[in-house]
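Subject: Structure handover

Hello,

Here is the structure for your files. My notes on the helix packing follow it.

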Amino acid sequence: MNRAARTIILAAVIVLVAGAGAYLCAMRLCARQMAADDLSWLKREFRLSQGEMSRIRQLHDGYLPKCREMCAKIAAKQGEVEKALATGEVVDQKLIELGMLRAQCQAQMLRHFQDVSREMSPEQGKRYLSEMERLTLGFHGEVERSMGETPPSGHGHGKG
Amino acid sequence: MNEEPMTPDEAKLSKLLRQGCPGVELPSGFQAAVWRRIEKPQGVPVGIMQLLAGWILRPKLAAAGLAVVVVLAAGAGAIRGVRSGEREARDRYVSSVDPSYSLR
């Protein structure tokens, strides 16, 4: 390999390393800046003022312990169901209780979304509520809706 | 036969050639042949590799080129970072209010 080729290869390597380094650093810095804390997205997406943000932050901080408590209850009940299944016990009552806890959890979450939406302008609040319902409860809704469709195997519920 | 007077460069070359082979009679036209060999590469077209290497070795051009690449790469990285960060930030909020969201 002659000197000119070596120079070109070395330059290409330097340019590649510098370019890749700049790309990755800028990408990580911007991504980190965008997701600085739990509520960063909310502030940007729904154009919240400082006042709205501080009220929503209070609501958020108040909601988190309740959410954790509910998660702990659901996990404990889930453990009970698994234990009962392993020992061959009848699990009907425990499954009903688990379902009740899940429903309570969803209802509490929905109430929180409504509380947060009331702190926003009516237009943004409506958009927030619909977006949060789509992202959280909407997932379960989609799964349940798909249960009503007839799969290729021909085994379906709710139709025919 | 009239011999033209030597230019200073020709005189220097003649001296160097005599020093290189002391005691040896140089054939006639030897010096002219050496000049031809020296001048020949200037007329030969330079290859693309030499041209590129020569361009790269110019510090100002190399620094400017590197700066352009770094700025463009950083810009592209920033755009990508903002896009992925937006989604990351949304997922972070939704996961904080609905822990099951992060498991999907």
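The axes of helix 3 of chain A (residues 50–87) and helix 4 of chain B (residues 59–97) come within 9 Å and cross at roughly 55 degrees. Helix 3 of chain A is therefore oblique to helix 4 of chain B (under 35 degrees is roughly parallel, over 145 roughly antiparallel, 65 to 115 roughly perpendicular, the rest oblique). Axes are lines fitted to C-alpha atoms, for helices over the stretch in contact, with angles from 0 to 180 degrees between N-to-C directions. Helices are DSSP runs (H or I, at least four residues), numbered from the N terminus.

This is a predicted model: local features need pLDDT of at least 70, side-chain atom pairs count only at pLDDT 80 or more, and totals for chains, interfaces and linings use all residues. Residues are numbered from 1 along each chain as written, chains are lettered from A in the order written, and side-chain values use heavy atoms, without hydrogens and water.

His60(A), Tyr63(A), Leu64(A) and Cys67(A) meet Tyr93(B), Ser96(B) and Val97(B) (contact: heavy atoms within 4.5 Å).

Buried residues of helix 3 of chain A include Met53(A), His60(A) and Val81(A) (buried: under 20% relative accessible area, 1.4 Å probe, protein chains only). Their cover includes helix 2 (40–45) and helix 4 (92–118) of chain A, together with helix 4 of chain B.

Gly88(A) follows helix 3 of chain A, with a positive phi near 80 degrees.

Tyr93(B) also reaches chain A elsewhere: its contacts include Trp41(A), Leu42(A), His112(A) and Met132(A), leaving aside neighbours within four places in sequence.

Regards

Key:
Helix = DSSP H or I, 4+ residues; strand = E, 2+ residues; numbered from the N terminus. Buried < 20%, exposed > 50% of the residue type's maximum accessible area, 1.4 Å probe, protein only.
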